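This report introduces a structure to a reader who has not met it before. Please view the sequence and the model below before reading on.

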Number of protein chains: 2
Amino acid sequence: MSISSRFAVGIHILTLIEFNKDGITSSEFLASSVNTNPAVIRKLMGMLKKAGLIEVHPGIAGAKLTMKLSDITLFDVYKAVNVVQDKELFSIHENPQLNCPVGRNIQNTIEPIFATAQGAMEKVLKNVTLEDVMNDIVAGENIG
Amino acid sequence: MSISSRFAVGIHILTLIEFNKDGITSSEFLASSVNTNPAVIRKLMGMLKKAGLIEVHPGIAGAKLTMKLSDITLFDVYKAVNVVQDKELFSIHENPQLNCPVGRNIQNTIEPIFATAQGAMEKVLKNVTLEDVMNDIVAGENIG
DNA sequence: AAACTTGTAACTAAATTAATTACATGATAT
DNA sequence: ATATCATGTAATTAATTTAGTTACAAGTTT
C-alpha cells in the first residue's frame, strides 16, 4: 500500500507553475513534464483550484499560483489532492466480536494511537513549504 | 488510500494471545474475536511467526508469544505484517521529463522529505508497546 | 485411524489508481 | 462569426491490492 502519487504530482505541478511563471503553464505543458496525460493534470488542477492554491479558467490557457510558494506547505497540497482522509491513514477492522474483552476495546484503544502517528507524519508536511522544495530543485540544478 | 487493516488485526491477535495465555489460542478462536476467516488469521500468524513474535506449530493448536508484551512495539507488528515498505509510504510518479528542471529534480527533492514524514509516523509506533495497548484495553473494561 | 490443527495455494469480489478517450463549454484571434 | 485552442468532466479500461472464501496437504494427538 502506498499513498497515491497524486501528492507528488501535485507538488510537481505547483513548483513548475512557479518555475514557468513568466510563461503559460497549460495542462499539456505540465503533462509533458510530469509524463502523463493532460486529463490527469486537469483533474489535479481542479483539486488544487478548489483548494484555492491556483487560479485557472475554462478556455484560458495556463494556471497561476494564488499565493507565494513560502505560504504553501506540503500539507496544503496533501489535503488538496485528497490522498488521505482525516484519521484514516490506518484502517481498523470492523465488527470485532463484542463478547471478547479485546474485541470490544480494540478500536477505541488503537484509534487515538493511529491518529497520533498520522498527525506526526502530517506535522512534517506542515513544516515544509513549496519554497523549500523549489530551493532544493534549484540547488540540484547548480550541483548536478 | 489506507494502510491495510492487517496491522490492526495483528495487534488484535497478539493482545488476545496474551489475554488468553492460560488457554489455547487457535486460529479459529482468534478469527471469531476479529470476526474474519480463520485462513486470514493463519496467514497473519505466519507473518507474526516469521517476524519472531509468536510461536506456532503445524498440527498443534494455539499460538504463544515469544516475548513479553513490553518488549513488542507497534512498530514491530507493523513491520511484521508488511503493510508499508521502507521509504514507500508515499509514491512518486516515475519517468518525469528530464529536459525540465523540475522534472529532473523532483524525485531527489521529494524523496527525503517523504522519508522524514514516514519516519515521524513510525517513530510514534516505536514508542508504543503492546503492554500499553493491553493496559488501555483493561482500562476500557474497568470504566465501560 | 479419526479428528483436529496449521500452512498454503487458488480463486473471487470490491476498491483504488492512473491512463485514456471523448466531448461540452469557454475564450480568443483572424 | 467561426475556427482554434484550452479547460472541465464523464465514461471506460487495465493493473494492483485487499479481504474473504474454499480446499486440501501435512503434522499432531487421542
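## Residues joining two helices

The model described here is predicted. In chain A, helix H6 contributes A:Val133, A:Asp136, A:Ile137, A:Gly140 and A:Glu141 to a contact with helix H5 of chain B. On the side of H5(B), the residues met are B:Pro101, B:Val102, B:Arg104, B:Asn105, B:Ile106, B:Thr109 and B:Ile113. By class, six residues of this contact are nonpolar, three are polar and three are charged.

## Geometry of the helix pair

H6(A) spans residues 130–143, and H5(B) spans residues 101–126. Their axes lie 9 Å apart and form an angle of about 120 degrees, which means that H6(A) is oblique to H5(B). The crossing of the two helices is right-handed.

## Surroundings of DNA strand D

DNA strand D is surrounded by 24 residues, the closest being A:Ser27, A:Arg42, B:Ser4, B:Ser5 and B:Thr36. The residues of this surface comprise ten nonpolar, ten polar and four charged. Among the atoms of DNA strand D within 4 Å of the protein, sugar or phosphate accounts for 60%, and bases for the rest.

## Individual contacts with the DNA

A:Ser27 places a polar side-chain atom 2.7 Å from a phosphate oxygen of DNA strand D. The side chain of A:Arg42 has an N or O atom 2.9 Å from a base nitrogen of the strand. At A:Gly59, a polar backbone atom lies 3.4 Å from a sugar or linking oxygen of DNA strand D.

The elements giving two or more residues to the surface near DNA strand D are helix H3 (38–50), strand S1 (54–57) and strand S2 (60–65) of chain A, together with helix H3 (38–50) of chain B.

Conventions. Residues are numbered from 1 along each chain as its sequence is written. Chains are lettered from A and ligands numbered from 1 in the order in which they are written. This is a predicted model: local features need pLDDT of at least 70, side-chain atom pairs count only at pLDDT 80 or more; totals for chains, interfaces and linings use all residues. Side-chain values use heavy atoms; hydrogens and water are left out. Axes are lines fitted to C-alpha atoms, for helices over the stretch in contact, and angles run from 0 to 180 degrees between N-to-C directions. Helices (H or I, at least four residues) and strands (E, at least two) are DSSP runs, numbered from the N terminus. Angles under 35 degrees count as roughly parallel, over 145 as roughly antiparallel, 65 to 115 as roughly perpendicular and the rest as oblique. A crossing is left-handed if the near helix is turned anticlockwise from the far one by less than a right angle, and right-handed if clockwise. Contact means heavy atoms within 4.5 Å. Ala, Val, Leu, Ile, Met, Phe, Trp, Tyr, Cys and Pro count as nonpolar, Asp, Glu, Lys and Arg as charged, and the others, Gly among them, as polar. A residue is near a molecule or strand if one of its heavy atoms lies within 4 Å of it. A polar contact is a pair of N or O atoms within 3.5 Å; within protein, one must be able to donate a hydrogen and the other to accept it, and residues adjacent in sequence count only if both atoms are side-chain atoms.
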